[in-house]
Amino acid sequence: MSSLTSSNEAQAPVAASGASSAPPSRSRTKSARERSIQGRSGFWFVLPFAAAFAMFLIWPILSGLWMSFTNQSLTGKGSEFAGFGNYSEALGDAALWQALGNTVIFTLLTVVPLVVLSFILAYLVYIGLPGQWLWRLSFFAPYLLPVSVAVAIWQWMFQPDFGLFNGLLLRAGFAQIPFLSEASLAMFSVVVVTVWWTLGFNFLLYLSALNNIPDHLYEAASIDGAGPWRRLFSITIPMINRTTVMIIMLQVLASLKVFEQIFLLTNGGPNGSTRSVLQYIYDVGFTGYRLGYASAISYLFFALIIIISIVQLRVMNRKSA
Amino acid sequence: MGHDPTFRTPVSRRSILQGFLGAGGLLAAGGSLAGCSTSPAAAGGGVQLWDLFQGADGVKMRGMIDAVRTSVSGLSVRPVTLAWGSPYYTKLAMSSASGKAPQTAIMHVSRLAGYAPGGLLEPYDLDLLAEQGIREEDFAPAVWESCQYEGQLYAVPLDTHPFILFYNKDLAKTAGLLGPDGNLTPIETPDAMIDAGTRMGDVTGGAGISFGHVVDTGQSWRLFWGLYAQTGGDYSMSVGEPASIDRDKAREVIEFVVRLMDGKAMAATQNYPGAISAFTSGQTGMIFSGEWELPAFAAAIPNLGAVPMPTLFGTPASYADSHAWVLPRQLEHDPERTRRTYELVAGLLKQSGTWAGAGHIPAYLPIQDTPEYAALTPQTEYASAGENPVFDPPVWFAGAGTEFQNQMSQVLSGAFTGDLTPDAAIDSLLSRIDAMLLAPNPT
């Protein structure tokens, strides 16, 4: 017994040292010391980013959360704890609910055309409109414009009396359309600008997805006698399903976060009918100096976005699985 | 956080990382680059000045500052121009709160009620001002009064800028609206205003009067509040109590604008830039506008006339605001630097003849008596608007570039175009004001 155990004990270090000295296995298993050196140097490489990340993301998020429980003002006053006052005020704030409603309507009105239209345009280019490069350029070019330029262009086209649309309508003897001055139309105008301006990105994603579909699928389908419509619905659309899921998810998030084009085009008017949640936060916090209340609204909206994202992820995963 | 961000030789990986940390620490500590740059001037007694004047106004203000620099020996001024509007006041409030404020800054007096009580501004020392030759009797009483808070002077007014009526004299002549002196025949009733607009519309073939109010954050309020003051209507707005205005008189004003805004006498759906383009291109012959648009109008229209807001409801009054020099709160007081600041403010007032060229009525009355000012047209035609200005109600949330003006303007704009009945609009105005009177005052 004892000789057996001693020989085992004697063999084990030999085997171990033999293994560690053999070059091939050295690269697979590392000693604890080597691992700790590698881990430490990794830490130093990550540190600059981690520091910036903590400083400009984690810390603001936490301090914003704290602020939402105070009546912090932009002028430095009111930093003492105020409980859930801001949150209960937010739930009863009619202007916030209006802004939330506007944001949801904007999201519904933009996501559908930005997905459907960009697919149709990408498909038309893909199946070979003559002069493909020209179409590709003209569908994508608006996306390259800064938001201020895109808005300035449309602002003049929407202009009453001598804007492009109203000028033509007047000359043809029709009544003018108050694109930006009527509550019911202003959101529609914002949606048109947004679709025109941001369509190009989705278009590009769709175009590259379409180009990645292997040709042999189409060839095989043609041999089996599938017509163009059958090929579209049974090959093209299923093959780009993953891209569609990704585009819808990105688009919903982008639309919920709308701010710039509304701020520049209508400043939330007329009568608050186009003010989005983000603009309301801006108005409350920076124009109204109530940073505490603005933080509370931000956190409510943040929670809402997380819920929407989780629901979306669940639904989309089920669909694409 | 005490690491020196400058690299020393030999540069090791660690020292670079420490440098990043040090630099990041400085940022996190809130010491902005702008903050650092104030220290050399502090040593030399330089005066930092903030304004919000762009375009023609900006050029004139820089010219005035240069003139003061040469006339006051040894004065070093560092002017900073920021964009007009609510972002300017956001920055001013933040700088006052953090103690990094400029020595003097332009503020609309309509914002004083939101700034002076919260301790963001310091009051002027009247004796120091008098040393520089600036006294109460040099200003119109209404304007001087608007710069007071609890018996102390918190702002020195540079100008009064009223909301007035500009007209194209050539078109007005064709429309038969000019008197024998070649100026607009006084318009003294609502019906006369509508009639004048309609006759002007007959000449232009479109609308007679321009008024840019669509999705604007102030215009409808300016028109309404000035005309409401003409009716002599009372109002009460004090924190914690429900607001009240004279309903009948407010309704009278709104109903008048609705009648005027028929697309013929006055354009119905113009926005701010659209109204200016229509007037400067001769598509309309008159415009309700702030006088600050004068340089643009004068450049386009050879025969430009202007009058204070026509007295349609009995009492002469024009909606107005005033650019004034204020003293943002400082953490440290250097008597020498304070004296320099007063010298600068006084010097700029004495240069406000230049300022009048941009259309503004100089608040410093001695300038109005100079032959240079008397030669300015159409400035002198509306200078009387500076005697009966109507400012925003003195509550903390009112004033230029505020959410208050935005909300009031949006409701009134809806009423003017007929989306809201006058009574529904008045209800909406009052309920919004009530909500603001109940909201916590963040300053």
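The exercises below work through confidence and domain contact in chain B of a predicted model.

**Exercise 1.** Decide which part of chain B should not be read in detail, starting from the pLDDT values.

*Solution.* Begin with the chain as a whole: the average pLDDT of chain B is 88, and 90% of its residues score at least 70. Next, look for a stretch that departs from this picture, which is found at residues 1-43 of chain B, where pLDDT stays under 50. For these residues the model has 27 contacts beyond four places in sequence. Where pLDDT is low, predicted coordinates should not be read in detail. For the model overall, the scores are ipTM 0.71 and pTM 0.77.

**Exercise 2.** Set out how chain B is divided into domains, and state how far apart the C-alpha centres of the domains lie.

*Solution.* Domain 1 of chain B consists of 32-158 + 323-380, while domain 2 of chain B consists of 162-320 + 402-438. Between the C-alpha centres of these two domains the distance is 30 Å, and the contact draws nine residues from domain 1 of chain B and nine residues from domain 2 of chain B.

**Exercise 3.** Characterise the interface of domain 1 of chain B and domain 2 of chain B by area, polar contact and residue class.

*Solution.* Take the area first: the two domains of chain B bury about 730 Å² between them, with 66% of it on carbon and sulfur atoms. Turning to specific pairs, the count of salt bridges between the domains is zero, and one residue pair is found in polar contact across the interface, both residues being at pLDDT 80 or more. Finally, on the side of domain 1 of chain B that touches domain 2 of chain B, four residues are nonpolar, four are polar and one is charged.

Methods: Residues numbered from 1 in each chain as written. Chains lettered and ligands numbered in written order. Predicted model: local features only at pLDDT ≥ 70, side-chain atom pairs only at ≥ 80, totals over all residues. Heavy atoms only, no water. pLDDT = per-residue confidence, 0-100. Contact = heavy atoms within 4.5 Å. Domains from an automatic or database assignment. Buried area = accessible area lost by both parts, 1.4 Å probe. Salt bridge = Lys/Arg side-chain N within 4 Å of Asp/Glu carboxyl O. Polar contact = N/O pair within 3.5 Å; in protein donor to acceptor, adjacent residues only side chain to side chain. Nonpolar A, V, L, I, M, F, W, Y, C, P; charged D, E, K, R; others polar.
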